[in-house]
Amino acid sequence: MHRRTRRLGVLAAGIALTLTFPTAGAVAAGTRPGSGPAPAPVPRGIDTFPVALIASLSRPDASPPGANDWGCRPTAAHPRPVVLLHGTFTNAFNSWNELSPKLKRAGFCVFALNFGARRGSVFKATAAIPRSAKEVAAYVDKVRAATGARQVDVVGWSQGGGVLPRWYLKYEGGADRAAPWKNKVHRLIGIAPSNHGSTASGLMTLAEQLGLLGAVGATLGQAVPDQAIGSAVNRRLDRGGDTMPGIAYTTVVSRYDEIATPYQNQYLKPGPGATVRNITLQDECPEDHTEHLGIPYDPVALDHVHKALDPAHAPTPRCTYVPPIVS
């Protein structure tokens with residue numbers, strides 16, 4: 001009850017509070033006698049997507065709390081940095097305000113990329129999937145170089161959890177089919193991932209039937225038709241199977257998803273040398289009514305992400321009532 005009350009309070013606070021919400025860099029480090037500067041505490045993030053979206057209007061290129069500390073060094077407990085990839089028409093700040101500080105407090109090095117649009121755009125990830133995959137490739141190499149880590153774990157939402165990172169793994173050097181020990185990625189966790197194309201509750205299908213997918217791409221960005229069922233990107237990506245050897249895949253899926261539809265298209269099938277776990281939230285928690293926009297703020301979904309990243313130590317995901325959109 002306390003969590004739901006806090007969420008409603010955040011919504012009621014309005015735009016003014018969200019626009020003054022502290023970022024990780026705004027929290028001053030304290031000191032302790034004889035110990036030098038203490039690490040800056042990680043602030044709590046905004047905990048609903050609608051409020052985070054409003055807040056991002058004034059800072060579309062900002063990092064979410066806890067992310068992009070380029071001095072972070074992985075520990076033995078958490079040896080791989082986590083790279084967060086947002087979805088189409090979103091950005092790193094409004095996608096990861098809840099998950100980023102949660103993982104940072106748990107001891108992970110967390111990094112979040114803005115991609116697929118010019119700087120200053122609120123609505124990112126609209127560029128062609130292969131083009132955005134090159135941005136992801138360069139960013140992962142930057143994270144590996146800065147942290148000294150051989151591999152990263154990738155967590156993404158929608159495009160950022162499905163077709164985009166899979167393209168990066170297969171065609172932009174993220175994984176090596178012939179030598180999996182050279183893979184740059186260890187885990188891929190997709191939250192409502194656009195793995196096998198979407199009808200967008202019929203809108204994408206209608207646009208295709210009317211011959212308008214080209215116009216949609218020209219107007220909204222090529223990433224949209226790239227994620228249509230049967231697109232050239234999907235056909236090429238799915239040739240040879242869903243997975244790459246040496247990668248552990250997890251999908252976190254809601255039956256109530258209204259954008260990545262049908263929701264079963266989010267699932268993956270394991271190929272040689274890969275593992276896949278497809279999680280449907282309502283199979284384990286019928287009270288969870290989250291859908292596509294709310295799922296990156298859904299406490300049940302985020303517990304599953306944490307468990308997938310740290311199977312040995314993360315707590316068992318708990319079931320709780322979750323409303324749609326505001327999660």
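# Briefing: strands, aromatic pairs and a nonpolar patch

F89 lies in the loop between β3 (82-85) and α4 (92-96). The structure described here is a predicted model. This briefing begins with the surface around F89, then turns to strand β5 (residues 152-157), its partner strands and the aromatic pairs.

**Surface patch**

- F89, F123 and L220 together make a nonpolar surface patch of about 270 Å².
- With a relative accessible area of 32%, F89 is partly exposed, since the class of partly exposed residues lies between the buried limit of under 20% and the exposed limit of over 50%.

**Strand β5**

- All of β5 is covered: six of the six residues in this strand (residues 152-157) are buried, so the rest of the structure largely encloses it.
- From β5, V152, V154 and G156 point one way, whereas D153, V155 and W157 point the other way. The residues on both sides are all buried.
- β3 and β5 run parallel and are joined by four bridges.
- Within that pairing, L85 has G156 of β5 as its bridge partner.

**Strand β6 and its neighbours**

- Strand β6 (residues 185-191) runs parallel to β5, and six bridges join the two.
- Two bridge partners in β6 can be named: V155 is matched with I189, and D153 is matched with R187.
- Helix α7 (residues 163-171) belongs with these two strands, as β5, α7 and β6 make a right-handed β-α-β unit.
- Six of the seven residues of β6 are buried, so this strand, too, is largely enclosed by the rest of the structure.
- β6 is also joined to strand β7 (residues 248-253) by five bridges, and these two strands run parallel.
- I189, the bridge partner of V155, stands opposite T250 in β7.

**Aromatic pairs**

- How many aromatic pairs does the count come to? The count comes to six aromatic pairs.
- One of them is formed by F49 and W157, with 5.5 Å from centre to centre and 80 degrees between the planes, an edge-to-face arrangement.
- This pair links distant parts of the chain: F49 is in helix α3 (residues 49-56) and W157 is in strand β5, 108 residues apart.
- Both F49 and W157 are buried.
- A further pair consists of Y263 and Y267, whose ring centres are 6.2 Å apart. Their planes stand at 85 degrees, so this pair is edge-to-face, because planes over 60 degrees apart count as such.
- Are Y263 and Y267 buried or partly exposed? Y263 is buried, with a relative accessible area of 17%, while Y267 is partly exposed at 21%. The two fall into separate classes because buried means under 20% relative accessible area.
- Ring pairs also link F49, W157 and Y297 into a cluster.

**Points to locate in the structure**

- W157 appears in two of the topics above: W157 points from β5 the same way as D153 and V155, and W157 is part of the ring cluster with F49 and Y297.
- β6 may be viewed with β5 on one pairing, through six bridges, and with β7 on another, through five bridges.

Terms used:
Residues are numbered from 1 along each chain as its sequence is written. This is a predicted model: local features need pLDDT of at least 70, side-chain atom pairs count only at pLDDT 80 or more; totals for chains, interfaces and linings use all residues. Side-chain values use heavy atoms; hydrogens and water are left out. Patches are made of residues with over 30% relative accessible area and no salt bridge: like charges are joined within 9 Å, nonpolar side chains (Val, Leu, Ile, Met, Phe, Trp, Tyr) within 5 Å. Accessible areas come from the Shrake-Rupley method with a 1.4 Å probe; for residues, only the protein chains shown count as cover. A salt bridge is a side-chain nitrogen of Lys or Arg within 4 Å of a carboxyl oxygen of Asp or Glu. Buried means under 20% relative accessible area, exposed over 50%, partly exposed in between (1.4 Å probe, protein chains only). Two strands pair if DSSP finds at least two bridges between them. A crossover is right-handed if, with the strands pointing away from the viewer, the path from the first strand over the helix to the second runs clockwise. Rings of Phe, Tyr and Trp (its six-membered ring) pair if their centres lie within 6.5 Å; planes under 30 degrees apart count as stacked, over 60 as edge-to-face and the rest as tilted.
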